[in-house]
Amino acid sequence: MGCCDQPFTFEPEQGGGDPPKLSRRGLLKGAGAAAGALATLRGRAAAQAKPIKLAFCSQLLCVVPYEVARAGGHFANEGLDVELVYTRGGNAAMQSLVGSAVDYAATSLDVALQAYVRGADIRRFATTGRLPLFAIATAPRRADEIQRIEDLAGRTVGVSALGNADHALMLYLLRRADVDPTRVQFATLGPNLLEALRQGQVDAGLVQEPALTLVQRAGGRVLMNAMDSKDAERFLGGAYEFMGVAVRTPEIPARREEMEKLARALRNALQALQTMSPEDLVKALPRELTTGADVRELQEVIVRYRGSLYPTSVAIDLEASNRVSESLKVAGLIPPGANTTGLYDTSIVGAG
C-alpha cells in the first residue's frame, strides 16, 4: 500500500450511537465483558460524581496519565466519575467525539489538527504529552542494511494506520531526509505491529514501548527514538506536542467548570506519576494491558521515559504545537496555508 493510496479523511459519525470502542476492563475480552467491568468509581464520592466519557487510543504510554488520574482518585477528588473508553487508535476516538458518543477525546495533536482542518468543530484545551510516543526501528534481519532514515527508500514500513500520528511522523521525517514518500510502501498493521516487525514481514516500523525494547533485544536497529529528548531535538527541533484533550466547541460554555476540573485532575496525575514507585505505576494500569507482560520490564520502561514524555502542567505548549502543525504541512497531510490557531482554547488552563 503506498503512502498516498488512502489519504486521511474525516467523516463524523451521525447521531450519538456507540463509538467503535473497547472499554477499559474489556480491552482484550471484547465489549460484552467490558460493560460489566466498567463500573463507576467505588466509594461514596464516586456515587455522587458526575459521569463523563473520555475516549482515547489503547497504546500503553498514552494511557498512563489517565489511568493514574483514575486509580489515584484525582478524577474523584474533582467530583468526576470518568469512564475511560479505549478505542482502536486516535482517529476512532476523534470520530467518537464528533459523533457525540463521548464527552471528550484524548488524541495525538496530529489527529486533532487534521480533524479541525477538515471542519470538525472541536477545541483542544489540555495536554498530557510533550513528545511522540514512537521510535523507528528496523526488523532484526534488516539492521545491517538499514542504518539511517534515508535507507528506507524502496522499503516497507509498518504503521498503525494511514493518517495516524505514526504515519504523519514518518512522512515528515522522510521529507526532512530528502526521501520521496512515494518510494516507501506503508503496511497498515494496527497498533500491535511488534510480531510483524520482529519476524521481518516489514523492513522497519514505528513502535512504542515495550515493543521497542523487545525489537532491540532481538537485534533491530533504532533509527530514531522520539521518546528520547536528544533525538527529539535532533530530528524534530524540540518538544513536539502529542497527547491532549479535546471537546466539542458548542458545549464549552456549559462544560467550562467541568473542563477545569478535568484539567486539574490530569495535572495532579501528571505531577504524581513523576514520583510514584514503579510498582504503583503499573498497578494503576488495567489488568488487560499487563496480563502476560513482563511487569518488571513495564516498570522500567515507564520510569525510564516519564521525565521526558509527560509534562507536569496541562497548559498547551503553543510553540511545540506549531512544530506539529508545520510537520503535517511538510508531510502533505494538511494544506500549506491552513490556519490551525483556532484549535486551541487556552482559556481553561492558559498556554505554556
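In this predicted model, the lining of the largest pocket draws at least two residues from each of α8 (194-198), β9 (204-207), α9 (211-217), α13 (287-290) and α14 (295-309). The lining comprises 32 residues, and S58, Q59, N192, P210 and L289 are those nearest the centre of the pocket. The space within this pocket amounts to about 820 Å³. Sorted by class, the residues of the lining are 16 nonpolar, nine polar and seven charged.

One of the elements named above, β9, is also a pairing partner of β6 (135-138). β6 and β9 run antiparallel and are joined by four bridges, with T138 of β6 standing opposite A204 in β9. β6 also pairs with strand β10 (residues 222-225), again in the antiparallel sense, over three bridges. Here A137 has V222 of β10 as its bridge partner. The side chains of β6 are divided between two directions: A135 and A137 point one way, whereas I136 and T138 point the other way. All four of these residues are buried.

A parallel arrangement is found around strand β2 (residues 50-57). Eight bridges connect β2 to strand β3 (residues 80-87), and the two strands run parallel. Within this pairing, A55 is matched with V85 of β3. β2 is also paired with strand β4 (residues 104-108) in the parallel sense, in this case over three bridges. The bridge partner of F56 in β4 is A106.

Aromatic contacts were examined next, and the count comes to four aromatic pairs. One of them is formed by F56 and Y86, whose ring centres are 4.9 Å apart and whose planes meet at 85°, an edge-to-face arrangement. Because F56 belongs to strand β2 and Y86 to strand β3, this pair ties together parts that are 30 residues apart in sequence. F56 and Y86 are both buried. Another pair involves F134 and F242: the centres of the two rings are 5.8 Å apart and the planes lie at 85°, over the 60 degrees that the class requires, so this pair is edge-to-face. F134 sits in the loop between β5 (122-127) and β6 (135-138), while F242 sits in the loop between α10 (229-236) and β11 (243-248). The contact thus links distant parts of the chain, 108 residues apart. As with the previous pair, F134 and F242 are both buried. F56 and Y86 further belong to one aromatic cluster together with Y66.

Among the helices, α7 (residues 165-176) was considered for its length and its burial. With 12 residues at 1.5 Å a residue, α7 should span 16 Å, the expected span being 1.5 Å times one less than the number of residues. The C-alpha atoms at its ends are 17 Å apart, which agrees with that expectation. α7 is mostly covered, as 10 of its 12 residues are buried. The buried residues are A165, D166, H167, A168, L169, M170, L171, Y172, L173 and L174. After α7 comes D178, which has a positive phi, near 60°.

Key:
Residues numbered from 1 in each chain as written. Predicted model: local features only at pLDDT ≥ 70, side-chain atom pairs only at ≥ 80, totals over all residues. Heavy atoms only, no water. Pairing = 2+ DSSP bridges. 1 Å grid on protein atoms, 1.4 Å probe; cavity = no way out; pocket = protein on both sides within 12 Å on 5 of 7 lines; lining within 4 Å. Points joined across faces, edges and corners; volume = space filled by probe spheres on them. Nonpolar A, V, L, I, M, F, W, Y, C, P; charged D, E, K, R; others polar. Phe/Tyr/Trp six-rings, centres within 6.5 Å; stacked < 30°, edge-to-face > 60°. Buried < 20%, exposed > 50% of the residue type's maximum accessible area, 1.4 Å probe, protein only.
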